[in-house]
Amino acid sequence: MTQRIIEIDSPNFVTEQQLESPANFATLFANHNPLCLEIGCGIGDFITQLAALYPQRNFLAIDIYNKGCYRTCRRIDTAGLVNIRVMRIEARFLLDRYLAMNSLAAIYINCPDPWPKKRHRRRRLVNRDFLQSLLYYLQPGGELFFSTDFTDYAEQVAPLIDELQGYENQRTKLPDTIPGDYPRSKYMRRFIEKDQPIHFIHCKKLESCTGGSHLLNPVNAGFRTSWSSLQHG
Ligand SMILES: C[S@@+](CC[C@H](N)C(=O)[O-])C[C@H]1O[C@@H](n2cnc3c(N)ncnc32)[C@H](O)[C@@H]1O
C-alpha cells in the first residue's frame, strides 16, 4: 500500500532543491552558529526540546518518514523556534551529498530502527563504516550522542567507539544509562514507561583526529537515494 504524502508548507522545511552541494547552512539559518544534526527525528519531540535548550546552535532534523517530518515542522512552527530546519532525506545520502568535512558540532541518533532479527542486522544504520564516516563530518571536539532501547544494538556500537580510535568516551561507562538532563524522545518515553532501559553513548571526536572516511556507499538496500521528486513532502 502506498502511503499518502502530506504536503509540508512549513518555512522550516527544506527541500534538496534549496541546497547547494555542499550546502551553505549559514545562508539557510541566516547566521554562523554551530550546526548539529539529528538523524531519524521521528515526530520531532526530542529536537524541539533540545533546540529550545540551545538557542545559540542550529539544528538540522532529518527523517525519511514524510508524516514524521510534517509533525516535526508543526511542532517547530507552534513553538516558534527559529533554529531548526527539517529535511526528508536519507542520512547517508545527506552526508555524502550535502555536508562538508568537519561541518558538524554534534550528531544525535535516538532509538534508530533496531532491526532485531539476526538476518536483518546488517541493515542497521550505526555500524563500523557509518561511525568511521561520522568522524569525517564531525568537527574536532564534535559530539556524538547515540541512544537505543535495544541492548544488542548498544553492545554492537559500544566497542566500536573504542576500536575506531577517533572517539573519546564522555561517560564513565560505555554504554551508560541515559542522563537525567537528556531530552526524552517519543520512543525513549515509550520504553521508560515500560521500565525498559535506554542505553546511552556520548563521545567526542578527538581534537587530534584528522581521519574519518568520506562515505560509504549511500546506496543500501531498502533506501531510496534521492527524494528530489517529493518537492513538498
Ligand atoms: C524508531 S524511530 C525513532 C524516532 C525518534 N528518534 C525517537 O526516538 O522517538 C526511527 C526513525 O528513524 C528514521 N530513519 C530510519 N533510518 C533512517 C535513515 N537512514 N535516514 C533518516 N532517517 C531514518 C525512521 O523513519 C524513524 O522515524
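Ala, Val, Leu, Ile, Met, Phe, Trp, Tyr, Cys and Pro count here as nonpolar, Asp, Glu, Lys and Arg as charged, and the others, Gly among them, as polar. With that in hand, let us look at some close-ups of this predicted model.

**View 1. The shell around the ligand.** Sorted by class, this shell holds 11 nonpolar, 5 polar and 4 charged residues. That makes 20 residues surrounding the ligand, and the closest are Gly40, Gly42, Cys111, Ser185 and Tyr187. Two elements give two or more residues to the shell: strand β2 (58–63) and helix α7 (186–193). Of the elements, α7 gives the most, with 3 residues.

**View 2. Helix α2 and what covers it.** Find helix α2 at residues 45–53, where Asp45, Phe46, Ile47, Thr48, Leu50 and Ala51 are buried. What lies over these buried residues? The cover includes β1 (35–39), β2, α3 (66–79), β3 (84–88), β4 (104–110) and α7.

**View 3. Inside the largest nonpolar core.** In soluble globular proteins, nonpolar side chains tend to be buried together. The largest nonpolar core in this model has 57 residues, and Ile62, Leu104 and Ile107 touch the most other members. Take a moment with Leu104: setting aside neighbours within four places in sequence, its contacts are Leu35, Cys36, Leu37, Leu99, Tyr137, Leu138, Gln139 and Gly142.

**View 4. Strand β5 between two partners.** Which way do β4 and β5 (residues 138–148) run, parallel or antiparallel? They are parallel, joined by 6 bridges. One pair to look for is Ile107 with its bridge partner in β5, Leu144. Together with helix α5 (residues 128–137), β4 and β5 make a right-handed β-α-β unit. β5 also pairs with strand β8 (residues 199–205), this time in the antiparallel sense, over 6 bridges. Here Glu143 stands opposite Lys204 of β8.

**View 5. Cys203 and its surroundings.** Cys203 sits in strand β8. Why does Cys203 count as buried? A residue is called buried if 20 or more other C-beta atoms lie within 10 Å of its own, and Cys203 qualifies because it has 23 other C-beta atoms within 10 Å. Beyond its neighbours within four places in sequence, Cys203 is in contact with Leu144, Ile161, Tyr167, Glu168, Asn169 and Gln170. Leu144 may look familiar, as it is the bridge partner of Ile107. Try locating Asp162 as well: Asp162 and Cys203 are 41 residues apart in sequence, with 9.9 Å between them in space, C-alpha to C-alpha.

Note on methods: Residues are numbered from 1 along each chain as its sequence is written. This is a predicted model: local features need pLDDT of at least 70, side-chain atom pairs count only at pLDDT 80 or more; totals for chains, interfaces and linings use all residues. A residue is near a molecule or strand if its C-beta atom, placed from the backbone, lies within 6 Å of it. Helices (H or I, at least four residues) and strands (E, at least two) are DSSP runs, numbered from the N terminus. A residue is buried if 20 or more other C-beta atoms lie within 10 Å of its own, exposed if 12 or fewer, and partly exposed in between; C-beta atoms are placed from the backbone. Two residues are in contact if their C-beta atoms, placed from the backbone, lie within 7 Å. A nonpolar core is a set of buried Ala, Val, Leu, Ile, Met, Phe, Trp, Tyr and Cys residues joined through C-beta atoms within 7 Å. Two strands pair if DSSP finds at least two bridges between them. A crossover is right-handed if, with the strands pointing away from the viewer, the path from the first strand over the helix to the second runs clockwise.
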